[in-house]
Amino acid sequence: MTRLLIIGSLEAELGQAARIATSRGARLRQADGVTSGITLARGEGFDLILCDVLHDVAWLVTSLEAERIACPVVACGRNADAAAAVRAIQAGAKEFLPLPPDAELIAAMLQAAMGEADAPVHRDPAMAAVLKRAEGVARAEASVLITGESGTGKEVLARHIHRHSRRAEGPFVALNCAALPEALLESELFGHEKGAFSGAVAARRGKFEQADGGTLLLDEIGEMDPRLQAKILRALQEREIDRLGGAGPVRVDVRILAATNRDLSAEVAAGRFREDLFFRLNVVALRIPALRDRPDDILPIAEHFARRYAEANGMPQRRFAPAARAALLGHTWPGNVRELENTVHRAVLLAEGDDIGAEAVELHVPAPRAATAAMPEAQAARPVGVAALVGRRMEEVERDLILETLTHCLGNRTRAAEILGISIRTLRNKLHEYRAAGAAVPMAPGQMPMAPFPYAQLG
């Protein structure tokens, strides 16, 4: 059930959008203005916000970012008001919904906000076995630890478990534990009262409370500080949490799913992860195989993404030519499904003619290590590309470094920030600046491409 907030009057056409969303299963809240909307978002948490362009969309987006409320904003307005649509997108709205609303377009937005609604695409027996086990434990209340390399689809599997659980009508809330520093992560998890710390201008419910009655996914839990691990353990044992600055414990009814690309048993042995928390989380273990270990899934997943991105970009559906299929099957996919998704997305945009040919399938092939080892010692020690940097502005060098690193990480902001040694917030601010200046910024994994106005063409 999508948690939807509409900011604006429900009279006339925006009210039509509300009725369509409700008929499609959305749980609806409404606010008359941005201020009251932010108050609701701070206290309840939503999967999607629709905001009338008559209100200050830029202020809404900025305020949500300042309070670390990760929720996509869709601006709504008359189809003929192209200027308002452009302003809303420039202000940070993810999409523009033309009014009067189209029922199928709203349904697609709700589905995108909740993540992929269908079962994970698979054909390989290795993945089929994982899904069978996942569905077998879905209706239990036990914690599940999902492991696998980056990009294998751990959150997709977590959502699949939630949809097959007895909590399917409740919220599914996901939090990337690696994306925030410890102090902010604690507030994000457990919430805080007004005045609990500098900048806490109002009370806020944390992810545990937002997920009450549903499922909470703690992604990249292996990155969590040991002090917070102790608090997570208490929440699991006692089914209650303490808000920062709170007067007493708050009862919560949440099922925990955890995901990591680390070997947590090795982290326990190294003293970086609590053994008691590991046992609490590892009641049921699910390991997703790397894409190279389930080759029968490569083409079905590629065809799935080809259909999705052709529809999203208003382009014709194309099949992969035999040479393109061979190229996909012959690649090792070090970035797993995330790399495959980005490759197919790019191929859909580059393809010409009736098929997606091999020339549109651009694969990232790492340089052989042997070539590096064979370099003369003096040449290997010399900084690469120094001559190319002389005479360039520092801002340009920094921009190119950030964008190249992000491309190398297949759009994964968290991983790129780790490599660059900067916070995820700093990285996002830089990317916002580059995008505003007209630079091509690699999309985040799973991010839908921004369509040209009007958005209604996508349906």
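Buried here means under 20% relative accessible area. All views show a predicted model.

**View 1. Side-chain alternation along strand S12 (284-287)**. Val284 and Leu286 point to one face of S12 and are buried. Ala285 and Arg287 point to the other face and are not buried. In a regular strand the side chains alternate between the two faces of the sheet.

**View 2. Pairing of strand S6 (residues 144-147) with S12**. The two strands run parallel and are joined by 4 bridges. Leucine 286, one of the buried residues of S12, is the bridge partner of isoleucine 146.

**View 3. Surroundings of arginine 292**. Arginine 292 lies in the loop that links S12 to helix H13 (298-312). Its relative accessibility is 41%, so arginine 292 counts as partly exposed. Leaving aside residues up to four places away in sequence, arginine 292 touches Glu149, Thr332, Trp333 and Asn336. With glutamate 149 there is a polar contact between side chains, at 2.4 Å. Valine 337 is 45 residues from arginine 292 in sequence, and the C-alpha to C-alpha distance is 9.7 Å.

**View 4. The open sheet S2-S1-S3-S4-S5**. The 5 strands of this sheet pair in parallel. Strand S2 (27-31) and strand S5 (95-99) form the edges, each pairing on one side only. Neighbouring strands are turned by 25° against each other on average, direction ignored. Between strand S4 (residues 73-78) and S5 there are 5 bridges, and glycine 77 has proline 98 in S5 as its bridge partner.

**View 5. Helix H1 (residues 12-23) on the sheet strands**. H1 lies across strand S1 (3-7), S2, strand S3 (48-52), S4 and S5. The helix runs at about 175° to S1.

Key: Residues are numbered from 1 along each chain as its sequence is written. This is a predicted model: local features need pLDDT of at least 70, side-chain atom pairs count only at pLDDT 80 or more; totals for chains, interfaces and linings use all residues. Side-chain values use heavy atoms; hydrogens and water are left out. Buried means under 20% relative accessible area, exposed over 50%, partly exposed in between (1.4 Å probe, protein chains only). Contact means heavy atoms within 4.5 Å. A polar contact is a pair of N or O atoms within 3.5 Å; within protein, one must be able to donate a hydrogen and the other to accept it, and residues adjacent in sequence count only if both atoms are side-chain atoms. Two strands pair if DSSP finds at least two bridges between them. Axes are lines fitted to C-alpha atoms, for helices over the stretch in contact, and angles run from 0 to 180 degrees between N-to-C directions.
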